[in-house]
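Here is a short briefing to read beside the model. Please keep the ligand in view as you go through the points.

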Amino acid sequence: MSKYNPYDNVIKTIEEVATLLKYKPSEYEMLKHPERELKVSFPVTMDDGTLKVFEGFRVQHSTIRGPGKGGVRFHQDVNADEVRALSAWMTFKCAVANIPYGGAKGGVVCDPMKLSDSELNRITRAFTNGIAPIIGPERDIPAPDVGSNPQTMAWMMDAFSKLKGYTVNGVVTGKPVTLGGSLGRGDATGRGVSFTVNNIFAKLNIPLKGTTAVVQGMGNVGSVSARLIHESGMKVIAVSDVSGAIYKEDGLNIPEILEYLSKDKRNLLDGYKGEGLKRISNEELLELDTTLLIPAALENQINDGNADRIKAKVVVEAANGPCTVEADEILKKKGVVVVPDILANAGGVIVSYFEWVQNIQRLAWTEERVNTELKHLIDLAFENVWNSAKEYDVALRKGAYIVAIKRIVDSMKLRGV
Ligand SMILES: NC(=O)c1ccc[n+]([C@@H]2O[C@H](COP(=O)([O-])OP(=O)(O)OC[C@H]3O[C@@H](n4cnc5c(N)ncnc54)[C@H](O)[C@@H]3O)[C@@H](O)[C@H]2O)c1
């Protein structure tokens, strides 16, 4: 397996698609370079009284189409290249969804599973103070990602508001509803994934009912995706988290699993005691014989080391960057249809956009309106990507990048960049 740098994947994809579109390097060169990168170090007092210095990042890849937008990841493996890649994926995702944002991402190097709530609160505030000069409702709007959640966003909003001297709801999205969060935001990414599954299955003439599915990762995105595809009649035969995977040939009891996981935020699947389960590794889960595979954990899960063993017919990328460029090629040759992250998981940023719009206008939409408008934008984006893939005779990932890069390059030209 070759050494993995997610930003190399981004550059390769931009180069390939820009060449396909016959753009001159001068027209797209800027997309290979993030506009602004900030690295911060900050001291935090731990519960035992010791002082620890943490590192964090905020990268604004592009603000050509609007303010930066993207989550904040709390994970022990966060690094500059990962945040850079995630920020670029946000630029392309917002362009595919056709919402008026650029792309940004943040991260803090820490393991939230090993920190108390009060430590997480202090880390979040110190990180927010560090990146405050470059964020704000008009500049760059963070949101939750791996290891962060609505509570994290509430702390970020409070820290930023304290600096300003007044409450700034619109500085982050994915907030609790009482603080100006949007109804439907919690489920939005998984809901968008389930709309995407419906769309691709309809195009491929595969019925949902009784068809097998496997979900890697049971966090915010994976758990909602699993719940909604289960409700649509699919047979979810395996799910996993960081503690490993569980498998049941005739289908898992998804509502029971979700109830167990939600009882305590530290509950993991290795503690779940369902009947007739087989415990397998995450590697084995990815290689199961299934129609649908939804990677919903981290990047680089399907790569040149395991792509030729993937048996799924359709991969819907709920995570960001779960398939490498090399894996894409192998999967394409095997006839596996991959629905790319920048389309499949755009539901989160779409409803974040609705939340920001509500904050700016001091309005609160009904959940029904949020879900209806989400479906409208996801379905539209899917059709655009599907048609562009057909027009250029390429896989869906390239189809999505064609849609995105055209929009971004047009915006740069119009702005005279
Ligand atoms: N939260 C959002 O709104 C959102 C939006 C778009 C994309 N995403 C992407 O979706 C993915 C998941 O994000 P999330 O918000 O659900 O994070 P989360 O922290 O809520 O959940 C992550 C899940 O992945 C599991 N996991 C971690 N390492 C694993 C491994 N090696 N193997 C298997 N499982 C593992 C964790 O146990 C957990 O169940 C990320 O790629 C994220 O960037 C999230």
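A polar contact here is a pair of N or O atoms within 3.5 Å; within protein, one must be able to donate a hydrogen and the other to accept it, and residues adjacent in sequence count only if both atoms are side-chain atoms. One such pair joins a polar side-chain atom of asparagine 320 to an oxygen atom of the ligand, at 2.8 Å. This is a predicted model, in which local features need pLDDT of at least 70 and side-chain atom pairs count only at pLDDT 80 or more, while totals for chains, interfaces and linings use all residues. Residues are numbered from 1 along each chain as its sequence is written, and side-chain values use heavy atoms, with hydrogens and water left out.

**Around the ligand**

- The backbone takes part too: a polar backbone atom of methionine 218 is 3.0 Å from an oxygen atom of the ligand, and one of alanine 297 is 3.1 Å from a ligand oxygen.
- The protein buries 85% of the 830 Å² that the ligand exposes when taken alone (Shrake-Rupley method, 1.4 Å probe).
- The ligand has 24 residues around it (a heavy atom within 4 Å), and Asp145, Thr189, Asn220, Val221 and Asn320 come nearest.
- By type, the shell has 10 nonpolar, 10 polar and four charged residues, with Gly counted as polar and Asp, Glu, Lys and Arg as charged.

**Two domains**

- The chain is divided into domain 1 (34-167) and domain 2 (186-344), with bounds from an automatic or database domain assignment.
- Each of these domains gives at least three residues to the shell around the ligand.
- The centres of domain 1 and domain 2, taken over C-alpha atoms, are 27 Å apart.

**Where the domains meet**

- In this interface, 16 residues of domain 1 are in contact with 11 residues of domain 2 (heavy atoms within 4.5 Å).
- Between them the domains bury about 1100 Å², 55% of it on carbon and sulfur atoms; buried area is the accessible area (1.4 Å probe) that two parts lose on being put together, summed over both.
- Trp89, Lys93 and Met113 supply 46% of the area that domain 1 buries against domain 2, more than any other three residues.
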